[in-house]
Amino acid sequence: MAKRQETLWELNEHSLGKHLVLKSYINAWFPILSKYNGRLLFIDGFAGPGEYNNGYIGSPLIALDAALNHQHQAVREQEIVFFFIENDKKRLDHLKSLIEERYPNLPSNFKVHFSESKFDAAMTHLLDYIEEQNKKLAPCFAMIDPFGVSDTPMSIVHRILKNPKAEVYVSVMYEYINRFLGSPEFEPHLNELFGGNEWVQAKAIEDKHEKKEFLYQVYKSKLKESRATNAIHFELFKGNRHVYSIFFATQSWMGTDKMKSAIWNIAPGGDFVFRGMANNELDLASPDYGPLIDAIVEQFSGRWVTPRRIAEFVGSDRTDYHSSQFKKNALKVLEKDERLTIHPEDAHKRKKRFTYRDDIRLMIDAEPRD
Ligand SMILES: C[S@@+](CC[C@H](N)C(=O)[O-])C[C@H]1O[C@@H](n2cnc3c(N)ncnc32)[C@H](O)[C@@H]1O
């Protein structure tokens, strides 16, 4: 962790996962939203100085690089506003000069705004202004990445998530929560962080995994007391020690799907773990698709359904998997077991066995046939 007075510090290895997932996700997010919308907004609420002493770049540069070098021309030509909030003057100044130096000819469709203030104050100002104008925030991705847990009130997260097509990527320092859970002076911070006092019940939970699971469920359900329909998280480790977690909330199953895909693609080589719905650690290097098959059978057996509909379910926060995984690892397995029937009227749409066009109707048997 950076000393409070240092302008730059070294990026810890366990934080690398946060950046790799961010980069992979926004690479997918920019083109999805640029298809449908005018201006996009990337908010970095705790922007930092833009680089680290050990050579890594920070989140503001990761976002700018992703937009500038995007393989889709539509993204490179998209109007994107980057809003970097940082309350430490030296760090913000460092970020400003780094951006000037690195991008001397930033295209005019990319607009960079800086705010030397606290995240909650800057966001309150922006959201008040938008409300006064009777406008909605442009579709936005807000990265909320503090050092501790005191400056990220759920009330602000909710105000962001009340806008259409808004998403948040929040780092939550579980170590702090756990350490200070019993101290009365920390209670107001936790009330703010969780947006209520439901977390108090965690004090009575002895088992440390159960306690964490409980707190995470509270946090996710609070995130969803907004327009967000999906909330997931992954955990960052230093050796065996869990340090913090990243929560992602969005209004779109497709956003959730892309985020899970980013985690699946990056996690096996990184120092972090994707914990799924039951808070069980998922082995992403040699995955077990049994739970995916079970979830699909439970949700859809006994009726006609299209792969398009199954993709929405798999991609949402109701499973731990993403939508590129279910055809090969679930539908094909079910068909080999003779538990999957293609609708006779759609059979002609199929060129080969074990292929599943998004619009064909299929039915899955609840139980294996005798
Ligand atoms: C974990 S670092 C951010 C790292 C950056 N997001 C990245 O990934 O490269 C947190 C930053 O937030 C700044 N900060 C701390 N409290 C803040 C607040 N209330 N509002 C805005 N910035 C704050 C710190 O000065 C620090 O630079």
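In this predicted model, Asp151 places a polar side-chain atom 3.2 Å from a nitrogen atom of the ligand. Asp145 also contacts a ligand nitrogen atom, through a polar side-chain atom at 2.8 Å. Tyr52 meets an oxygen atom of the ligand instead, with a polar side-chain atom 2.6 Å away. On its own, the ligand has 600 Å² of accessible area, and the protein covers 95% of it.

The site of the ligand is the largest pocket. The shell around the ligand holds 21 residues. Those that come nearest are His19, Tyr52, Glu86, Arg91 and Asp145. Tyr52 and Asp145 thus appear both among these nearest residues and in the polar contacts described above. By character, the shell divides into seven nonpolar, seven polar and seven charged residues.

Helix 2 spans residues 59-68. Nine of its 10 residues are buried, so the helix is largely enclosed by the rest of the structure. The buried positions are Ser59, Pro60, Leu61, Ile62, Ala63, Leu64, Asp65, Ala66 and Ala67.

A further buried residue is found in helix 6, which covers residues 154-161. This residue is His158. Its relative accessibility is 14%, below the 20% cut-off, and His158 therefore counts as buried. The side chain of His158 reaches the backbone oxygen of Lys222, at a distance of 2.6 Å.

Two other residues are partly exposed. Leu20 lies in helix 1, which runs over residues 13-36. The relative accessible area of Leu20 is 40%. That value falls between the limits of 20% and 50%, so Leu20 is classed as partly exposed. Along the chain, Leu20 and Ala262 are 242 residues apart. In space, their C-alpha atoms are separated by 8.3 Å.

Lys203 is placed in a loop. This loop connects helix 8 (187-194) with helix 9 (208-223). With a relative accessible area of 38%, Lys203 is likewise partly exposed. Lys203 and Asn27 are 176 residues apart along the chain. A distance of 40 Å separates their C-alpha atoms.

How values were computed: Residues are numbered from 1 along each chain as its sequence is written. This is a predicted model: local features need pLDDT of at least 70, side-chain atom pairs count only at pLDDT 80 or more; totals for chains, interfaces and linings use all residues. Side-chain values use heavy atoms; hydrogens and water are left out. Buried means under 20% relative accessible area, exposed over 50%, partly exposed in between (1.4 Å probe, protein chains only). Helices (H or I, at least four residues) and strands (E, at least two) are DSSP runs, numbered from the N terminus. A residue is near a molecule or strand if one of its heavy atoms lies within 4 Å of it. A polar contact is a pair of N or O atoms within 3.5 Å; within protein, one must be able to donate a hydrogen and the other to accept it, and residues adjacent in sequence count only if both atoms are side-chain atoms. Accessible areas come from the Shrake-Rupley method with a 1.4 Å probe; for residues, only the protein chains shown count as cover. On a 1 Å grid over the protein atoms alone, a cavity is a set of points where a 1.4 Å probe fits but cannot get out, and a pocket is an open set with protein on both sides within 12 Å along at least five of seven lines; lining residues have an atom within 4 Å of a point. A molecule sits in a cavity or pocket if more than half of its atoms lie within 2 Å of its grid points. Ala, Val, Leu, Ile, Met, Phe, Trp, Tyr, Cys and Pro count as nonpolar, Asp, Glu, Lys and Arg as charged, and the others, Gly among them, as polar.
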